[in-house]
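Trainee: I would like to learn how to read a model like this one, feature by feature. Where do we begin?

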Amino acid sequence: MNIEAYISSGILEAYALGELSEKERVEVENNLKQFPALRRELAQIEEAQERLLMKAAVQPSPAVRKELFARLD
């Protein structure tokens, strides 16, 4: 397998986003078991996605936050 071509294909990003078919997901998971380089790349993708999501996150106003936690109690 050409690891660089596989990484460049975008399939790991699609996997991390849950956008693959069942067949594709199983294939990626089998490849992840076999190739440590793919596991490392997937970890980097997931970390980057988390950083982007945290940057885009909207903080609730203190009043909304207080009301939300009051309802949860």
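Mentor: With the secondary structure. The protein has 5 helices and 0 strands, and from the N terminus on its elements run α-α-α-α-α. Keep in mind that this is a predicted model.

Trainee: How does the radius of gyration compare with what the globule rule gives for 73 residues?

Mentor: The radius of gyration is 18 Å, well over the 11 Å from the globule rule, so the protein is more spread out than a compact globule. The box that the C-alpha atoms fill, taken along the principal axes, is roughly 55 × 25 × 15 Å.

Trainee: What share of the 73 residues counts as buried?

Mentor: Buried residues make up 19% of the 73. The cut-off for that label is under 20% relative accessible area. As for the surface, about 5,900 Å² is exposed, and carbon and sulfur atoms supply 55% of that area.

Trainee: Which residues form the largest nonpolar core?

Mentor: That core has 12 residues, namely Ile 3, Tyr 6, Ile 7, Ile 11, Leu 12, Ala 14, Leu 20, Val 28, Leu 32, Leu 38, Leu 42 and Ile 45. Two or more residues each come from helix 1 (3-8), helix 2 (11-16), helix 3 and helix 4 (36-56).

Trainee: Can we follow single core residues? What does Leu 20 touch, not counting residues up to four places away in sequence?

Mentor: Leu 20 touches Ile 11, Ala 14, Tyr 15, Arg 25 and Val 28 on that count. Among these, Ile 11, Ala 14 and Val 28 also belong to the core.

Trainee: And Ile 45: which element holds this residue, and why does it count as buried?

Mentor: Ile 45 lies in helix 4. Its relative accessibility is 9%, so Ile 45 counts as buried. Leaving aside neighbours within four places in sequence, Ile 45 is in contact with Leu 12, Glu 13 and Ala 16.

Trainee: How are contacts spread along the sequence?

Mentor: Take the contacts with a separation of 6 or more: residues 24 or more positions apart account for 54% of them. Sequence separation and distance in space have to be read side by side. Ile 45 and Lys 66 are 21 residues apart along the chain, and 34 Å separates their C-alpha atoms.

Trainee: Now the charged side chains. What is the general idea?

Mentor: Side chains of opposite charge can pair when their charged atoms come close. In this model there are 3 salt bridges.

Trainee: Which side chain meets Arg 25 at 2.5 Å, N to O?

Mentor: That partner is Glu 22. The two are 3 residues apart in helix 3 (residues 22-34), so about one helical turn separates them. Arg 25 also forms a salt bridge with Glu 29, at 2.8 Å, N to O. Here the spacing is 4 residues in helix 3, which again means about one helical turn.

Trainee: Are Arg 25 and Glu 29 buried or exposed?

Mentor: Neither label fits. Arg 25 has 29% relative accessibility and so counts as partly exposed. Glu 29, at 26%, is also partly exposed.

Trainee: Where is the remaining pair?

Mentor: Arg 71 and Glu 67 meet in a salt bridge at 2.7 Å, N to O. These two residues are 4 apart in helix 5 (residues 62-72), so the gap is about one helical turn. Arg 71 is exposed at 66% relative accessibility, whereas Glu 67 is partly exposed at 43%. As for the other bridges, shared partners join Glu 22, Arg 25 and Glu 29 into one network.

Trainee: Which residues make the nonpolar surface patch of about 320 Å²?

Mentor: Leu 68, Phe 69 and Leu 72 make that patch. Leu 68 is found in helix 5 and is partly exposed, with a relative accessible area of 47%.

Trainee: What about Leu 53: buried or exposed?

Mentor: Leu 53 is exposed, its relative accessible area being 62%. This residue sits in helix 4, as does the buried residue Ile 45. Leu 53 and Leu 68 are 15 residues apart along the chain, with their C-alpha atoms separated by 21 Å.

Technical notes:
Residues are numbered from 1 along each chain as its sequence is written. This is a predicted model: local features need pLDDT of at least 70, side-chain atom pairs count only at pLDDT 80 or more; totals for chains, interfaces and linings use all residues. Side-chain values use heavy atoms; hydrogens and water are left out. A salt bridge is a side-chain nitrogen of Lys or Arg within 4 Å of a carboxyl oxygen of Asp or Glu. Buried means under 20% relative accessible area, exposed over 50%, partly exposed in between (1.4 Å probe, protein chains only). Patches are made of residues with over 30% relative accessible area and no salt bridge: like charges are joined within 9 Å, nonpolar side chains (Val, Leu, Ile, Met, Phe, Trp, Tyr) within 5 Å. Accessible areas come from the Shrake-Rupley method with a 1.4 Å probe; for residues, only the protein chains shown count as cover. A nonpolar core is a set of buried Ala, Val, Leu, Ile, Met, Phe, Trp, Tyr and Cys residues joined through side-chain atoms within 4.5 Å. Contact means heavy atoms within 4.5 Å. The radius of gyration is taken over C-alpha atoms; the globule rule is 2.2 Å times the number of residues to the power 0.38.
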